[in-house]
Amino acid sequence: MEDRQKNTPSQKGACGLGRCGIWPFVIGFVAALVFGWWIFPEIMFSRQQQPVRFSHETHLKDASLDCGVCHYLRADGTFSGLPTTADCAVCHSQILGDSPEERAYVSDYVRTGKEVRWLVYQKQPDNVYFSHAAHSLDRCNTCHQYSERELCSHCHLDVAGMKKPPVFAENRLSGYSRETMKMWKCEACHANPNHLGSTDASNACFVCHK
């Protein structure tokens, strides 16, 4: 009887080696997943507001402007990108509304000629070449029927209905925005023509990388 008692593990020892012993692993595994999938990615990005609280909704909906009024192709096919203070001054040489943001913009930028240092959501790496002329509304609508907003929002944030710019999130290591286009998004059209219909786009590396 005494030998049997000695060889039988205690209730406490059985718990430690069996079911109870798995909980530290489970808790550690879950904590690692939470940190790796949610906490660490958020730590990797700094967040900034745009220097000017620009309302796309006011310009597109209330003023009935199109994207191409401020973001347009030049005669030589190059893309204008972001509008300059001179471009905005065509309409905003004087204050048009009662918005404090517009009043500050006219005072700080238009009347001084100072350029806005916009934070670019989709600045591409130096080795990436993207032609807006090749992806223009006229070019794409030879086969499709997109509105300007629909076409632009395939690659860009759909800011048309936003009263203020979204927060700019920048990767602390690479310096690029969270919204910088990823290669798989480009390949959705180039490598998979069924995504947006038939295309003649080449998927060769040299088409986009120079």
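This report walks through a predicted model of one protein chain, from its overall layout to a handful of residues and one pocket.

**Overall layout**

The chain holds eleven helices and two strands. Followed along the sequence, these elements come in the order α-α-α-β-α-α-α-α-α-α-β-α-α. Of the 210 residues, 19% are buried. Contacts over long stretches of sequence are well represented: taking the pairs at least 6 apart in sequence, 62% join residues at least 24 apart.

**Helix α3 and its kink**

Helix α3 covers residues 23-43, which is 21 residues. From first C-alpha to last, α3 reaches 28 Å, close to the 30 Å expected at 1.5 Å a residue. If you trace α3 in the viewer, look out for F35, where a kink of about 40° is centred.

**Five residues to look at**

The table sets out where five residues sit and how accessible they are; the text after it takes them up in turn.

| Residue | Relative accessible area | State |
|---|---|---|
| F168 | 4% | buried |
| T180 | 7% | buried |
| H92 | 15% | buried |
| S64 | 57% | exposed |
| L96 | 59% | exposed |

Let us begin with F168, which is found in strand β2. F168 counts as buried because its relative accessible area, 4%, falls under the 20% cut-off. Leaving out residues up to four places away in sequence, F168 touches S46, R47 and Q48, then L119, V120 and Y121, and also S177. Another pairing worth displaying is F168 with Q50: they are 118 residues apart in sequence, yet their C-alpha atoms are 7.2 Å apart in space.

T180 follows β2 along the chain, in the loop between β2 (168-171) and α10 (183-190). Although T180 lies in a loop, its 7% relative accessibility makes it buried. Beyond residues up to four places away, the contacts of T180 are Y121, Q122, K123, Q124 and P125. Y121 is therefore touched by T180 and also by F168, given that a contact is heavy atoms within 4.5 Å.

H92 belongs to helix α6, residues 85-92. With 15% relative accessible area, H92 is buried, and it touches H59, E102, V106 and V110 when residues up to four places away are set aside.

L96 comes after α6, in the loop that leads to α7 (100-110). In contrast to H92, which is buried, L96 is exposed at 59%. With neighbours within four places left aside, L96 is in contact with C91 and E102; E102 is also touched by H92. L96 and V106 are ten residues apart in sequence, with 9.9 Å between their C-alpha atoms.

S64 sits in the loop between α4 (56-62) and α5 (67-70). S64 is exposed, with a relative accessible area of 57%. Its backbone deserves a glance too: S64 has a positive phi of about 60° although it is not a glycine.

**The second largest pocket**

Which residues line the second largest pocket? They are W118, L119, V120, K123, F168, E170, G175, Y176 and S177. By class, this lining has five nonpolar, two polar and two charged residues. The space in the second largest pocket is about 170 Å³.

The pocket also ties back to residues met above. F168 is part of the lining, and it touches L119, V120 and S177, which are lining residues as well. K123, another lining residue, is among the contacts of T180.

Key
Residues are numbered from 1 along each chain as its sequence is written. This is a predicted model: local features need pLDDT of at least 70, side-chain atom pairs count only at pLDDT 80 or more; totals for chains, interfaces and linings use all residues. Side-chain values use heavy atoms; hydrogens and water are left out. Helices (H or I, at least four residues) and strands (E, at least two) are DSSP runs, numbered from the N terminus. Buried means under 20% relative accessible area, exposed over 50%, partly exposed in between (1.4 Å probe, protein chains only). The expected span of a helix is 1.5 Å times one less than its number of residues. The bend at a residue is the angle between axes fitted to the seven residues ending there and the seven starting there. On a 1 Å grid over the protein atoms alone, a cavity is a set of points where a 1.4 Å probe fits but cannot get out, and a pocket is an open set with protein on both sides within 12 Å along at least five of seven lines; lining residues have an atom within 4 Å of a point. Grid points are joined across faces, edges and corners, and a volume is the space filled by probe spheres set on the points. Ala, Val, Leu, Ile, Met, Phe, Trp, Tyr, Cys and Pro count as nonpolar, Asp, Glu, Lys and Arg as charged, and the others, Gly among them, as polar.
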